[in-house]
Amino acid sequence: MFRKLRGIFGGGQDVPAGGESFGLSSLDAGEKQKIGTEDDPMRGYEAAVERHEEAMRAEQGGDPERARGLYEQSVAERFVGSHPYEMLATLHERSRSYPDALRVRESYKALAKSGRMPRGAQSSADRKLPEFEARMRRYRRLLEEDQTRKQG
């Protein structure tokens, strides 16, 4: 992952199968202008990845509340990868907090539809959106069933 990032930002000559380069030359002018600015979607990426690793350790160590807090920070920062959204939604789902799980999945869908993501992350998001949308439908159904039980 970091090798690919170094390639994007000029730190290496990684060329994946198929010969496509991920160097700066593969970025369009708009993407190049964002590098290092507030609008840079990769800003804080390495720190966020470290935070995700810490969240996974917290969860494995029996502290899902700490993991939730760490993942929530990435969601609030609109991290461009799906990992924190998937993990946070799963943690909420395990605790049957379907409104929160739905909120997290909707947040990722909004990010994926925003046009803010780098090309590779956007491609991944496009592939993952059907699964996110299926989960969102499931959460809505569960919430409706819960509402019906409460009324009846």
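**Reading the helices and their partners**

Me: How many residues does helix α4 have, and what span should they give?

Reply: Helix α4 covers residues 64-76, and at 1.5 Å a residue its 13 residues should span 18 Å. The C-alpha atoms at its two ends are 18 Å apart, which agrees. Keep in mind that this is a predicted model.

Me: Okay. Which residues of α4 are buried?

Reply: Start with the general idea: an α-helix has 3.6 residues a turn, so residues three or four places apart point the same way. Now the case here: in α4, the buried ones are Ala 67, Arg 68, Leu 70, Tyr 71, Ser 74 and Val 75.

Me: And what do those buried residues of α4 pack against?

Reply: Three helices: α3 (45-60), α5 (83-94) and α6 (98-113). Just past the helix, α4 is followed by Arg 78, which has a positive phi, near 60 degrees.

Me: What can I say about α5 in the same way, starting with its span?

Reply: The twelve residues of α5 should span 16 Å at 1.5 Å a residue, and the end C-alpha atoms are indeed 16 Å apart. Its buried residues include Pro 84, Tyr 85, Leu 88 and Leu 91. They pack against α3, α4, α6 and α7. After α5 comes Arg 96, whose phi is positive, near 60 degrees.

Me: Which residues touch the most other members of the largest nonpolar core?

Reply: The general idea is that in soluble globular proteins, nonpolar side chains tend to be buried together. The largest nonpolar core here has 30 residues, and those touching the most other members are Ala 67, Tyr 71, Tyr 85, Val 104, Tyr 108, Met 117 and Tyr 139. At least two residues of this core come from each of α3, α4, α5, α6 and α7 (119-151).

Me: Let's zoom in on one of them. What does Ala 67 touch?

Reply: Leaving aside residues up to four places away in sequence, Ala 67 touches Ala 55, Ala 58, Glu 59 and Leu 91.

Me: Now the charged side chains. How many salt bridges does a search of the whole structure find?

Reply: Side chains of opposite charge can pair when their charged atoms come close. Here the search of the whole structure finds 14 salt bridges. One of the pairs is Glu 59 with Arg 94, where the closest N and O atoms are 2.4 Å apart. That pair links distant parts of the chain, since Glu 59 is in helix α3 and Arg 94 is in helix α5, 35 residues apart. Arg 94 counts as exposed because its relative accessibility is 56%.

Me: Which residue forms a salt bridge with Glu 72?

Reply: Arg 103 does, with the closest N and O atoms 2.6 Å apart. Glu 72 lies in helix α4 and Arg 103 in helix α6, so the pair ties together parts that are 31 residues apart in sequence. Glu 72 is partly exposed, at 22% relative accessibility, and Arg 103 is partly exposed too, at 34%.

Me: Which residue meets Arg 135 in a salt bridge?

Reply: Glu 93, at 2.6 Å from N to O. Arg 135 sits in helix α7 and Glu 93 in helix α5, so this pair ties together parts 42 residues apart in sequence. Arg 135 is partly exposed, with a relative accessible area of 29%, whereas Glu 93 counts as buried at 16%. There is also a network: salt bridges that share partners join Glu 72, Asp 100 and Arg 103.

Me: Is Arg 51 buried or exposed?

Reply: With a relative accessible area of 10%, under the 20% cut-off, Arg 51 is buried. Arg 51 lies in helix α3. Apart from residues up to four places away in sequence, Arg 51 touches Leu 70, Gln 73, Ser 74 and Glu 77.

Me: Last topic: rings. How many aromatic pairs are there?

Reply: The count comes to four aromatic pairs. One of them, Tyr 45 with Phe 79, is stacked, at 5.2 Å centre to centre with 25 degrees between the planes. Tyr 45 lies in helix α3 and Phe 79 in the loop between α4 and α5, so the pair ties together parts that are 34 residues apart in sequence. Both Tyr 45 and Phe 79 are buried.

Me: Which residues form one aromatic cluster?

Reply: Tyr 85, Tyr 108 and Phe 132. Phe 132 has a charged visitor as well: the charged end of Arg 105 sits over its ring, 4.7 Å from the centre.

Methods: Residues numbered from 1 in each chain as written. Predicted model: local features only at pLDDT ≥ 70, side-chain atom pairs only at ≥ 80, totals over all residues. Heavy atoms only, no water. Helix = DSSP H or I, 4+ residues; strand = E, 2+ residues; numbered from the N terminus. Expected span 1.5 Å × (residues − 1). Buried < 20%, exposed > 50% of the residue type's maximum accessible area, 1.4 Å probe, protein only. Contact = heavy atoms within 4.5 Å. Core = buried A, V, L, I, M, F, W, Y, C linked by side-chain atoms within 4.5 Å. Salt bridge = Lys/Arg side-chain N within 4 Å of Asp/Glu carboxyl O. Phe/Tyr/Trp six-rings, centres within 6.5 Å; stacked < 30°, edge-to-face > 60°. Lys NZ or Arg CZ within 6 Å of the ring centre and 35° of its normal.
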